[in-house]
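The exercises below are meant for a reader who is meeting this structure for the first time. Each one sets a task and then works through a solution step by step.

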Amino acid sequence: MQLLRIHEVAKLTGLSRSSIYKQIKLKNFPTGVKITGRSTAWPSEEIDLWVRQRIAQRGCHNDVV
């Protein structure tokens, strides 16, 4: 497992930094782990799971293209 910084999370998810924080606030995205007083990172496994869940949900909404 790795800890990913915000720019890596944004690249993997396709979300902007502000969208990530908005989704965290809405409880739709994993919260980060404080690694220093000013730095936050996300466990790679949690981000991978979030992405897999979005892909799985795609099957439920196939009629929307």
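Helices and strands are here DSSP runs, with at least four residues for a helix and at least two for a strand, and they are numbered from the N terminus. The structure to which this is applied is a predicted model.

**Exercise 1. The overall plan**

Task: State how many helices and strands the protein has, and find the pattern that they follow along the sequence.

Solution: Counting the elements gives three helices and three strands. Reading along the sequence, one meets them in the pattern β-α-α-β-β-α. The C-alpha atoms occupy a box of roughly 45 × 25 × 20 Å along the principal axes. Of the 65 residues in the protein, 26% are buried, and the accessible surface amounts to about 5100 Å², with 54% of it belonging to carbon and sulfur atoms. As for the contacts between residues at least 6 apart in sequence, 45% of them join residues at least 24 apart.

**Exercise 2. The two sides of helix 1**

Task: Determine which residues of helix 1 are buried, and which exposed residues lie on the face turned away from them.

Solution: Begin with the buried residues of helix 1, which are Ile6, Val9, Ala10 and Thr13. Because they cover an arc of only 100° around the axis, they are on the same side of helix 1. The spacing can be understood from the geometry of an α-helix, which has 3.6 residues a turn, so that residues three or four places apart point the same way. Next, look at what this buried side meets: its residues pack against strand 1, helix 2 (17–25), strand 3 and helix 3. The face turned away from the buried side carries the exposed residues His7 and Lys11. For His7, the relative accessibility is 57%, and because exposed means over 50%, His7 counts as exposed. His7 and Ala41 are 34 residues apart in sequence, while their C-alpha atoms are 9.8 Å apart in space.

**Exercise 3. Checking helix 3**

Task: Test whether the length of helix 3 agrees with its number of residues, and then identify its buried residues and their partners.

Solution: Helix 3 covers residues 44–58, and its 15 residues, at 1.5 Å a residue, should span 21 Å. The end C-alpha atoms are 22 Å apart, which agrees with that expectation. The buried residues of helix 3 are Ser44, Ile47 and Trp50. They cover an arc of only 130° around the axis, and therefore they are on the same side of helix 3. The elements against which they pack are strand 1 (3–4), helix 1 (6–13) and strand 3.

Two of these residues can be followed further. Ser44 has a relative accessible area of 12%, and because buried means under 20%, Ser44 is classed as buried. Leaving aside neighbours within four places in sequence, Ser44 is in contact with Met1, Gln2 and Leu4. Trp50 is also buried, with a relative accessible area of 11%. Not counting residues up to four places away in sequence, Trp50 touches Thr13, Leu15, Asn28, Phe29 and Pro30.

**Exercise 4. A patch on the surface**

Task: Name the residues that make up the nonpolar surface patch, and decide whether Ile35 is buried, partly exposed or exposed.

Solution: The patch is formed by Leu3, Val33 and Ile35, and its area is about 230 Å². Ile35 is located in the loop between strand 2 (33–34) and strand 3 (40–43). With a relative accessible area of 39%, Ile35 is partly exposed. A comparison of positions can be added here, since Trp50 and Ile35 are 15 residues apart in sequence and 21 Å apart in space, C-alpha to C-alpha.

**Exercise 5. Positive phi angles**

Task: Locate a residue other than glycine with a positive phi, and describe its place and exposure.

Solution: The background is that most residues other than glycine have a negative phi. Lys27 has a positive phi, near 65°. This residue, Lys27, is placed in the loop between helix 2 and strand 2, and Lys27 is exposed, with a relative accessible area of 74%. A glycine can be set beside this case: Gly14, just after helix 1, takes a positive phi of about 80°.

Notes: Residues are numbered from 1 along each chain as its sequence is written. This is a predicted model: local features need pLDDT of at least 70, side-chain atom pairs count only at pLDDT 80 or more; totals for chains, interfaces and linings use all residues. Side-chain values use heavy atoms; hydrogens and water are left out. Patches are made of residues with over 30% relative accessible area and no salt bridge: like charges are joined within 9 Å, nonpolar side chains (Val, Leu, Ile, Met, Phe, Trp, Tyr) within 5 Å. Accessible areas come from the Shrake-Rupley method with a 1.4 Å probe; for residues, only the protein chains shown count as cover. A salt bridge is a side-chain nitrogen of Lys or Arg within 4 Å of a carboxyl oxygen of Asp or Glu. Buried means under 20% relative accessible area, exposed over 50%, partly exposed in between (1.4 Å probe, protein chains only). The expected span of a helix is 1.5 Å times one less than its number of residues. The arc is that of the directions from the helix axis to the C-beta atoms. Contact means heavy atoms within 4.5 Å.
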